[in-house]
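The following note concerns the charged side-chain pairs of the structure shown below. The points are numbered for ease of reply.

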Amino acid sequence: MSKAGSETLLCDRLWTNARLATMAPGAPYGAVEDGVIAARDGRILYAGPRDEAPAFQAAITIDCAGRWITPGLIDCHTHLVYGGDRAHEFELRLQGATYEEIARAGGGILSTVTATRNASEDALFASADRRLAALMAEGVTTVEIKSGYGLEQQAELKQLRVARRIGRERPVTVRTTFLGAHAVPPEYKGRSGDYAALVAGPMLEAVAAEGLADAVDAFCEGIAFSTEETKGVFDAAKAKGLAVKLHAEQLSNLGGAKLAAEMGALSADHLEYLDETGVIAMAKAGTVAVVLPGAFYFLRETQKPPIELMRKHGVTIALATDANPGSSPLTSPLLVMNMACTLFRLTPEEALAGVTRNAAKALGLQDEIGTIEAGKRCDLAIWDIERPAELAYRIGFNPLHARIWNGQ
């Protein structure tokens, strides 16, 4: 494995006889055909060709039998913590009921708000834990979890506390996002500005005081919040030292993505109605485009995000499940990869980058995770596949052999 006379290095674990899709820039997939990974204290010491590796003395050596290893998958946009479900509304829509009719009958997002407000923290944890288990079973090692189904201070805090608890009690890295400006609650009907001011003021103050959020998000859309209202929320978030992200251009083009870029947002997400002006702004700012094919599919949309424009201007493209009860009840990152290829025409390599390297950037974690490189956290997924494209190719098949989080 090493040159004669070289020093022997100690490591906790050594994976040998592996093919690596490091996802580091360069060769397709950052591929290494005969690869070795060594880890100590949860960090990668070496990842690369076997014949260039130093000598290692490992506490545990794992023969991968030629399997492929990728970075652990990253789901960078979810709403995992919520009460109830919306399966009945799914039935009603298929029978011809409109969204407006369902909403007037107390359904839609407000039904989830009611269920979430009424649920205990333990109940919310238990239901979110089941959804998380599905993600982890497909190789997810990092997940972002948004609030946004409380729409009042105590319920929003409750959601974020549950998300933090998941990160403490489960072998997964959790990034939390305060999405108080997700929708206008019924008690503020017709007063979106007043509610946005509440989010930017007392609600954000309480979230920050408890250290419950890593970022702040908003839904900039005609049915939610204007660019001016969104900017007020973002100004308050940045004053607290919190990163910002944005649901933008999903149903129409309000210029939300351009605003997000101008404010240095980590990401703008959905983006079906994004125009070239917004694409150029995102490229200049380094704001990641997070596309969500699950919501596009479930809502039977026809307007696709402008993938070719994003490629043309060099915008980083990430993928996520958008796991939520109303528009994307999806907990399969592998299916998201397939959808991104079949619906949006991403390549399999772009899809895998979208749930590894680029998803890490969408969370501001690109220096920690997302590629298999020395110095980064040892978060890995080991697969029984013949080539990396198989991860996006199959439907309803999970080839995960092992999931490694923090080297374990």
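**Salt bridges and their surroundings**

1. E390 is buried, its relative accessible area being 13%. The side chain of E390 forms a salt bridge with that of R394, with an N to O distance of 2.9 Å. R394, in contrast, is partly exposed, at 34% relative accessibility. The pair therefore joins a buried residue, E390, to a partly exposed one, R394. As with every value in this note, these come from a predicted model.

2. Across the whole structure, a search finds 25 salt bridges. Side chains of opposite charge can pair when their charged atoms come close. The points below take up some further cases.

3. Which residue forms a salt bridge with D217? The partner is K146, and the closest N and O atoms of the two are 2.8 Å apart. D217 belongs to strand β9 (residues 215-220) and K146 to strand β7 (residues 140-146), so that this pair links distant parts of the chain, 71 residues apart. Are the two residues buried or exposed? D217 has a relative accessibility of 1% and counts as buried, because the cut-off for burial is under 20%. K146 likewise counts as buried, at 1% relative accessibility.

4. A salt bridge also connects the side chains of E205 and K240, at 2.7 Å from N to O. E205 is situated in helix α6 (residues 192-209), whereas K240 is in the loop between α7 (227-239) and β10 (243-248); the pair therefore ties together parts that are 35 residues apart in sequence. E205 is partly exposed, with a relative accessible area of 42%. K240 also counts as partly exposed, its relative accessibility being 37%.

5. Salt bridges also occur as a network, which links R43, E368, R377 and D379. Of these residues, D379 merits a closer description. D379 is located in the loop between α14 (357-362) and β14 (380-383). At 5% relative accessibility, this loop residue, D379, counts as buried.

6. What surrounds D379, leaving aside its neighbours within four places in sequence? D379 is in contact with T70, P71 and G72, with T141 and T142, with I369, and with I404, W405 and N406. For N406 there is a further detail: its backbone nitrogen lies 2.8 Å from a polar atom of the D379 side chain. D379 thus takes part in the salt-bridge network and has a side-chain polar atom 2.8 Å from the backbone nitrogen of N406.

Note on methods:
Residues are numbered from 1 along each chain as its sequence is written. This is a predicted model: local features need pLDDT of at least 70, side-chain atom pairs count only at pLDDT 80 or more; totals for chains, interfaces and linings use all residues. Side-chain values use heavy atoms; hydrogens and water are left out. A salt bridge is a side-chain nitrogen of Lys or Arg within 4 Å of a carboxyl oxygen of Asp or Glu. Helices (H or I, at least four residues) and strands (E, at least two) are DSSP runs, numbered from the N terminus. Buried means under 20% relative accessible area, exposed over 50%, partly exposed in between (1.4 Å probe, protein chains only). A polar contact is a pair of N or O atoms within 3.5 Å; within protein, one must be able to donate a hydrogen and the other to accept it, and residues adjacent in sequence count only if both atoms are side-chain atoms. Contact means heavy atoms within 4.5 Å.
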